[in-house]
Amino acid sequence: GSLATGFVLLRLPKMPELREYNGKLKHFTPAGPEINIHGIPFLDKAREAARQKRLAAELAAGGKNAKQIKAEQRKAQQLQRQKDKRKDAVAKGRNPHKKRGRN
């Protein structure tokens, strides 16, 4: 876990050697769904253009990775909407943690 944190990994790579440690490493917490890993651009414009092209091709093909990418993006959008709602509620002077409606 410390090694992954030292390399600033957002999540562990999918490798057969790491399957038994999935979610069980000390000193390492993977990035949550609020971070869109597929939206982090390369600084090199040529590499970024190639990455965007590969990503678009993968999403168009509709493979297993495309489903995972879309699910992660939906989850990130949902969390962002929740944060925005809470922020608006606080700005209006409301308690965002108060339970409303039926319990």
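This section describes helix H3, two residues in helices H3 and H2, and the two largest pockets of a predicted model.

Helix H3 comprises residues 64-91, and its length is consistent with regular helical geometry, because its 28 residues, at 1.5 Å a residue, should span 40 Å and the C-alpha atoms at its ends are 41 Å apart, which agrees. Four residues of this helix, Ala-66, Ile-69, Ala-76 and Ala-89, are buried, and the elements that cover the buried residues of H3 include H2. Beyond the helix, H3 is followed by Gly-93, which has a positive phi near 85°.

Lys-85, which is placed in H3, contrasts with the buried positions of that helix, since its relative accessibility of 66% lies over the 50% above which a residue counts as exposed. The C-alpha atom of Lys-85 lies 8.3 Å from that of Pro-96, a residue 11 places away in sequence.

In helix H2, which spans residues 45-61, attention falls on Glu-48. Because its relative accessibility is 14%, and a residue under 20% is classed as buried, Glu-48 counts as buried despite its charged class. A polar atom of the Glu-48 side chain is placed 2.8 Å from the backbone nitrogen of Phe-42, a distance that falls within the 3.5 Å limit for a polar contact. When residues up to four places away in sequence are left aside, Glu-48 touches Ile-40 and Pro-41 as well as Phe-42.

The pockets of the model were then examined. The largest pocket has a volume of about 870 Å³, and its lining is made up of 30 residues, among which Arg-11, Leu-12, Pro-13, Lys-14 and Ile-37 lie nearest the centre of the pocket. The elements that contribute two or more residues to this lining are H2 and H3. Divided by class, the lining of the largest pocket holds 17 nonpolar residues, together with 8 charged and 5 polar ones.

The second largest pocket encloses about 160 Å³ of space. Its lining consists of Gly-1, Leu-3, Ala-4, Phe-7, Leu-9, Leu-12, Leu-18, Tyr-21 and Leu-25, and by class these residues comprise 8 nonpolar and 1 polar, with no charged residue present. Leu-12 thus appears in the lining of the second largest pocket and is also one of the residues nearest the centre of the largest pocket, whereas charged residues, absent from the lining of the second largest pocket, number 8 in that of the largest.

Definitions and conventions
Residues numbered from 1 in each chain as written. Predicted model: local features only at pLDDT ≥ 70, side-chain atom pairs only at ≥ 80, totals over all residues. Heavy atoms only, no water. Buried < 20%, exposed > 50% of the residue type's maximum accessible area, 1.4 Å probe, protein only. Polar contact = N/O pair within 3.5 Å; in protein donor to acceptor, adjacent residues only side chain to side chain. Contact = heavy atoms within 4.5 Å. Expected span 1.5 Å × (residues − 1). 1 Å grid on protein atoms, 1.4 Å probe; cavity = no way out; pocket = protein on both sides within 12 Å on 5 of 7 lines; lining within 4 Å. Points joined across faces, edges and corners; volume = space filled by probe spheres on them.
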